[in-house]
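Me: Please take a close look at one place where secondary structure elements meet in this model, and then set that place beside the other parts that can be described with care. I would like one connected account rather than a list.

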Amino acid sequence: MCIFLTDFWLMAFNDDNPSSITTRKRKFEEKDSCFLSNFFSMEDLNQDVLERILSWLPTSTFFRLTSVCKRWKSVADSESFKLACSDIPSRDPWFFMVDPQLNRMVVFDSAEKTWKRLNQPTLLKKSPNHNSMPVAASGGLICFRNLAGDFILCNPVSGSCSQVPLLDSPLQNQNLHAIVMNNNKITLVFGELPKLSFKVYNSNTNSWEEEIELQQFKDENSVTDYEDNAVYFLSKAGNVVATNMQRSPCKQYSSVITTNQNGEEIVYFLSSTGKVVSCNLNTKTFFEFPRLLPVFCEYSIDVVECRGKMFVVLLSEFFESASLRVWSYDEASRAWLQIAAMPPALSHCWYGKKVDINCVGAGDQILICLNSAEVFSYVVCDLVSNDWIELPKCCVDGKAVDFMSAFSFEPRIEALV
């Protein structure tokens with residue numbers, strides 16, 4: 001092949017000088033001979049080097065390794081290959097999409113910008129885990145919760161699953177506010193304001209730790225209001241509206257966890273009236289943030305984590321137009337600051353549609369699922385460039401799928417449950 005290409009190149013540029021062709025051909029043949037003598041095949045690589053090279057491939061290609069040759073199939077199945085994959089510092093996130101039927105595992109590959117369908121693990125098909133709902137994600141794992149309130153950890157790429165030990169019966173009946181995952185742990189925040197507690201599952205010991213109560217951190221400027229009931233009012237259209245946040249079932253525990261500069265883990269969740277509550281797991285305290293909007297305003301709200309920081313995404317309606325904005329809380333000024341905003345020309349189409357938003361962060365991006373009885377869309381916001389891009393529709397059997405929400409995770413075949 002190399003000699004053929006050389007002959008073609010020479011004839012293309014020296015068609016009028018045969019002697020020149022002969023002379024230069026001899027020189028290129030000598031170079032080709034030298035090149036071929038230094039050329040080596042992938043088959044000449046030892047197993048360790050081959051595994052390290054293949055570990056840098058995008059995760060989606062791992063599914064195709066087994067069909068290349070017998071040797072690559074053995075690589076894909078080896079434990080040493082998984083160990084090599086664990087040395088890769090990070091992978092582009094996948095968004096695990098949640099549809100109303102809860103019977104499909106569909107992801108959006110942010111690297112390839114394509115939709116993919118994964119096989120549902122056997123454990124999630126069995127009763128009582130059938131139609132289990134995803135409630136949290138971290139690293140390469142997703143946490144599911146079945147109708148009985150039990151938790152299942154799953155690696156959606158490898159399909160491996162494990163059942164988490166059961167909670168104590170009294171805790172099963174508690175009002176659950178937050179479910180988050182971080183560092184091989186599941187953290188639950190439950191109770192009734194102002195009496196909150198949290199409990200942690202440690203996968204290293206495969207057990208639940210003792211329940212810990214949270215004390216309220218009182219700010220001198222904060223207003224204490226524990227009447228966490230719905231407030232009813234008339235909208236501009238004359239409809240009776242409740243401020244109680246009616247969220248999609250899979251995001252009723254909308255919550256995130258971050259680690260601050262002091263190494264303290266903080267869980268953020270939305271109360272039933274839309275207030276953001278933070279729980280410091282190290283100091284064992286909680287704090288209620290001031291409202292972003294007055295209680296009588298119509299809006300949909302969600303909390304996300306990006307680069308270790310908490311943000312609030314809020315869809316509201318003002319002056320007969322819809323506004324979709326991202327906010328961050330500034331500790332110095334004790335006020336909410338706008339970080340990004342969808343251009344009005346794009347957000348206006350959501351006005352009057354009674355849209356609910358469910359969001360998830362990944363790096364500098366936020367995926368926003370917008371759903372209503374009339375329309376649905378999935379938009380990615382880049383916090384750095386303030387670009388807002390709508391994802392293509394995902395079609396199954398020729399019909400676009402309406403996803404309720406999404407969870408972000410790193411596709412890692414080596415992640416253990």
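Reply: Two residues are taken to be in contact when they have heavy atoms within 4.5 Å of each other. The model is a predicted one, and the place to examine with that cut-off is where helix H3 (residues 47-54) meets helix H5 (residues 70-77). On the H3 side the residues that take part are Gln47, Leu50, Glu51 and Leu54, and they meet Arg71, Trp72, Ser74 and Val75 of H5. By character, the residues of this contact are 4 nonpolar, 2 polar and 2 charged. The two helix axes come within 11 Å, with a crossing angle of roughly 75 degrees. Angles of 65 to 115 degrees count as roughly perpendicular, and H3 and H5 therefore lie roughly perpendicular to each other.

Strands meet in another way. In a sheet, strands pair through backbone hydrogen bonds, either parallel or antiparallel. One open sheet here has 4 strands in the order E3-E2-E1-E29, and their pairing is antiparallel. Strand E3 (114-118) and strand E29 (405-409) are its edge strands, each pairing on one side only, and neighbouring strands of this sheet are turned by 30 degrees against each other on average, with direction ignored. Within the sheet, strand E2 (residues 105-109) pairs with E3 in the antiparallel sense over 5 bridges, and Val107 has Lys116 in E3 as its bridge partner. The loop between E2 and E3 contains Lys113, whose phi is near 55 degrees, a positive value in a residue other than glycine. Most residues other than glycine have a negative phi.

Strand E1 (residues 94-98), which belongs to that sheet, also leads to the empty space in the model, as E1 gives the most to the lining of the largest cavity, with 3 residues. A search of the whole structure finds 4 cavities of 30 Å³ or more, and the largest cavity holds about 120 Å³ of space. Its lining is made up of 16 residues, and those that lie nearest its centre are Leu102, Arg104, Gln120, Ser132 and Phe144. The lining residues of this largest cavity comprise 8 nonpolar, 6 polar and 2 charged.

Two peptide bonds also deserve a look. The bond from Ser127 to Pro128 is cis, with omega near 5 degrees, and Pro128 sits in the loop between helix H7 (122-125) and strand E4 (133-138). The bond from Leu193 to Pro194 is likewise cis, with omega near 5 degrees, and Pro194 is found in the loop that runs between strand E9 (185-192) and strand E10 (195-202).

A further open sheet consists of 4 strands in the order E23-E24-E25-E26, paired in the antiparallel sense. Strand E23 (356-362) and strand E26 (387-390) are at its edges with a single partner strand each, so one side of each has no neighbour in the sheet. Neighbouring strands of this sheet are turned by 20 degrees against each other on average, direction again ignored. Strand E24 (residues 365-371) and strand E25 (residues 376-382) form an antiparallel pair over 7 bridges, and Leu370 stands opposite Ser377 in E25.

Note on methods: Residues are numbered from 1 along each chain as its sequence is written. This is a predicted model: local features need pLDDT of at least 70, side-chain atom pairs count only at pLDDT 80 or more; totals for chains, interfaces and linings use all residues. Side-chain values use heavy atoms; hydrogens and water are left out. Axes are lines fitted to C-alpha atoms, for helices over the stretch in contact, and angles run from 0 to 180 degrees between N-to-C directions. Angles under 35 degrees count as roughly parallel, over 145 as roughly antiparallel, 65 to 115 as roughly perpendicular and the rest as oblique. Ala, Val, Leu, Ile, Met, Phe, Trp, Tyr, Cys and Pro count as nonpolar, Asp, Glu, Lys and Arg as charged, and the others, Gly among them, as polar. Two strands pair if DSSP finds at least two bridges between them. On a 1 Å grid over the protein atoms alone, a cavity is a set of points where a 1.4 Å probe fits but cannot get out, and a pocket is an open set with protein on both sides within 12 Å along at least five of seven lines; lining residues have an atom within 4 Å of a point. Grid points are joined across faces, edges and corners, and a volume is the space filled by probe spheres set on the points.
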